[in-house]
Amino acid sequence: MLEQVPQKYDQLSIEKEIEEFWNREDMIHKALEKNKGNQKFSFLEGPPTANGPPHIGHAETRAIKDLVLRYKSMRGYYIFPRRAGWDCHGLPVEIEVEKSLGIKSKKEIEELGVEKFNKLCKESVFKYVREWETVSKRLGFWVDYEHAYVTMNDEYIESEWWALKKLYEKGLLFKDFRISPYCPRCGTTLSAHEVAQGYKDIEDYSIYVLFKLKNKDEYFLVWTTTPWTLPANTFLAVNPDFDYILVSSEGRKFWLLEDRAPAILKGREYEVIDRKKGTELRNLEYEQLLPYLMVRKGLYVVTADFVSKEDGSGIVHIAPAFGADDYAILKRENGELYITVSEDGKINLESPWKGMNVNEANDKIIEFLRHEGKLYKREKIVHSYPHCWRCGTKLIYYPVESWYIGVSKKKDLIVNLNKKINWKPEHIRDGRFGNFLEEGKDWALSRNRFWGTPLPVWTCAKGHVFIPGSKKELLDRALEVPPNFELHKPYVDNIKVKCDQCGELMKREPYPIDTWFDSGSAFYAQYHYPFEGQDLFRENYPIDFISEAIDQTRGWFYSLHVISSLLFENISFKNVVVMEFILNSKGEKMSKSKGDVVDPKVIMDQIGADSLRLFFFQGPPWKPKRFSNEIALEYSRKLLGTIYNSYVLISTNANLDKWEPKEEKIINYLDKWMDSRTNQALINYMKYMDDYEPHRGLEEIEKLVDEFSQWYLRLSRDRFWKETVDEDKKSAYFVAYRTLDSILKMLAPFAPYFSEYLYKKLTAKYSIHMDLLPEPAKYDEIIVNEMQNVRSIVEMSRRIRQLNGISLRRPVREVIIGDRSFEPLVTKYKDLLLKELNAKEVKVVDSDNYKKRTYKLDRKKMGKIFGKDLQEAESQMSNPEVQAELDRKGEAIILNRTVTKSDTIVEEGVRDGYISDLSLSIPIFISSEFDRDLYLEGLAREIIRRVQSMRKDLNLEYTDKIFLNLEGDSDLIEAYRKNQHVIEEATLSIPKENLSGYTKEWEIDELKLKVTIAKME
């Protein structure tokens, strides 16, 4: 027996029941063990930091991960690893602790004490872990939470130390002094992939400043967008190959790039008085712009190829401490580095601006220049500028000593390995991701912070280096080990070792490393490789599948790929699905500041986890989607509600007939089609899912559900309702059962709660998630194509009716298919077509018999011939006899002139008494004639519709029989009497006089009808 379910579909009640079942049966653990010993499929979780609550974007990525894992499990794969992971280090954790303590600077952290601060960081890491797990489990994200990998554990860090030692031995880990992107708020550098994540469009100053030439009444016109760097000016740079002009304008003479003069001097009068190549300006000296820095070597013009014509004045201000190109010039010129800004982003030069934040100093410096007469022009521009991706502070470029990973040395390897990865969408491989790899920037690894994996580098005064590749290797060399030792600051900083080359004392380089190296090492460090898990690593490397949002192309995806390329010269993951952001209902990116960030737990409590999951896969995951409760609910109610109602229909009738699920002989052509169509859908579904295109898999489910419910079940309803349980009825039950079984199994990865609930009711089996997808059998392509053509005929006929205002419930005399190739189809499926077309006859004939041609004079051509008589000629042309003669003979006489078909414009129409739409691919003509019998039959169908609506109002079962009484206008009563058997069969009713029950009054085509129904007990 198929277990009964409530008539009304209630997703939240379903999920509550299933969640209790899953918890009671420890289903996550059972899922982790499923298929053990079978072929493996490996997965790697992109570790979130659990010191903040999850948002809807996290729910989206967890949904795609779980969907793929459930699907692969239902295909028989043993999924390992299938574990959670937590990213524990770095600035997000530090910033959270700083906020809780009211700390605003690194100095305050040092005053508090690094040990105490890092202890608070460690405690903060899992502040929200329970909420993360609760939301993830509620969403149905089944992974091993109990054995999650944790990046702050000593074992994990030890694996990273091993990797860093390997990189050092390969010459890919080195120390360098560079001008690097730097966050003054956090007091640390950022790597290139971190910088790439934090660009924002901002309004900035754009100023043109006059630098006076030494001993000349001439100036250089110089452009900058960073006025705060002007106190550190050391050189001016020109392009040696560009043409520069000296202009006289408004009483001053100044040099600028000739190509930029029209834009800069627009609206001003000027005269060109000299012209030189950039190389001729080299070594010209100029006076210091701001008189506060003692420059011992500099204040002259240099040449540089990076000077462009795209913007500015073609003369670039050089402040070597604050730009990589600027620093290169300093080294070339053997100059001296002047750092006029402290690490906290404040001016430290003795000047009117000392102690000011650089952004605050901009206004003051510009005002000073204006007062001194050195400001030529000031504008505001909007441009994209990097900000700290963690705290949002505007970055500066700053001179720092850092340890780097030599990405540039292996750029070609890294780029070529990327081509082996299956990216979804594919364009990211060579586009957003590939382009970034092509830049090949070295990875600034060390951070001048506190809470993170310590850089395992010890150095002595003579520059010798010791890099332990394990905790044991360090402790074996340690002169003293502090109590409660762990691989974090300050404990590692207290470890001293003796240099084995010179005997000097060695100290650790005082940096933690970029936390992206932590998460990017997960593919090997989660096993504590190479100290443990060597076999596990080899079996699961490269990882089969990962997924995160689009921002991780320059975050986690990048770090995984680079580390794997440099360590193992191979890819770390084979397949990656990139998710786009979820937008608010207006199509805007959600943000805390706007107050429109969606809490996934709240949403799931309102609409259900399955509704949220299904929302994510309406369209490609890599396309942005607008979220609202209404959008998500509308889709899930339509899909899941249709499946639910289909089950109610099947189970109610099957149980009345005491039909037990078992294999039956399929004898009906409709059943054969449905069985073939299900197998075809299964094949397509598996293809799409294997190609990591879940949205197309979901579309296949949608199409199958529509065909099953709106076509197969609707056409089979009479078979379910008939009294005898014959072979035809058994065939229908079996096919309906098997189709629903397949639909639920295909749906299970998308909507795990709903599919679990209905599958248990349908099959009485333990759990759909412990079963496998059915292997699709070979399907009958001929019958599938035939039924598709039948459906096309029905759908096109309905379109013709709607366009011509003829109700679908009104019977028509005949439907003509005007294509002889459809004759075998119409013969085979005639009974079905007659019923669906609501027609008395359906025939196949040549379409020309049902078309009519109207000939009109070609006015442009015949106007010259008939002249002023054209209007009279057109009038004669419309005569039916003339039209018939022209159609029959190809010519006719009009106003004593012979007119041929070539003199006319032919318009095709439909024969009188028929309607059609000649734009359709199948020529179909429907009789528009209407007699009394057809009229009454149409009214009878309208009566059926009203009675069925009232049955629904009373929540009657499909099989409940009713008493029926009708009162009303004579045409409606006559329609009932003439079609009484049809009405009673369709509504499961028998007539009864003087009936008391549920009564409702209706109006049908301006006729009044009073209907009373009552359930038969």
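Me: Why are H3 and H7 called oblique to each other in this predicted model?

Reply: The axes of helix H3 (residues 56-74) and helix H7 (residues 129-139) cross at roughly 50 degrees. Angles under 35 degrees count as roughly parallel, and 65 to 115 as roughly perpendicular. The crossing belongs to neither class, and H3 and H7 are therefore oblique to each other. Their axes come within 10 Å, and H3 passes H7 in a right-handed crossing.

Me: What makes the contact of H3 with H7, by residue and by class?

Reply: H3 contributes His58, Ala59, Arg62 and Ala63, while Trp132, Ser136 and Leu139 come from H7. By class, four of these residues are nonpolar, two are polar and one is charged.

Me: Why do E17 and E23 count as edges of their sheet?

Reply: The open sheet has three strands in the order E17-E24-E23, with parallel pairing. Strand E17 (422-424) and strand E23 (543-549) each have a single partner strand, so one side of each lacks a neighbour in the sheet. On average, neighbouring strands are turned by 15 degrees against each other, direction ignored.

Me: How do you know that E17 and E24 pair?

Reply: Pairing requires at least two bridges, and three join E17 to strand E24 (residues 573-579). The two strands run parallel, and tryptophan 423 stands opposite valine 576 in E24.

Me: What makes H21 roughly antiparallel to E23?

Reply: Helix H21 (residues 556-568) runs at about 150 degrees to E23, and angles over 145 count as roughly antiparallel. H21 lies across E17, E23 and E24.

Key:
Residues are numbered from 1 along each chain as its sequence is written. This is a predicted model: local features need pLDDT of at least 70, side-chain atom pairs count only at pLDDT 80 or more; totals for chains, interfaces and linings use all residues. Side-chain values use heavy atoms; hydrogens and water are left out. Axes are lines fitted to C-alpha atoms, for helices over the stretch in contact, and angles run from 0 to 180 degrees between N-to-C directions. Helices (H or I, at least four residues) and strands (E, at least two) are DSSP runs, numbered from the N terminus. A crossing is left-handed if the near helix is turned anticlockwise from the far one by less than a right angle, and right-handed if clockwise. Contact means heavy atoms within 4.5 Å. Ala, Val, Leu, Ile, Met, Phe, Trp, Tyr, Cys and Pro count as nonpolar, Asp, Glu, Lys and Arg as charged, and the others, Gly among them, as polar.
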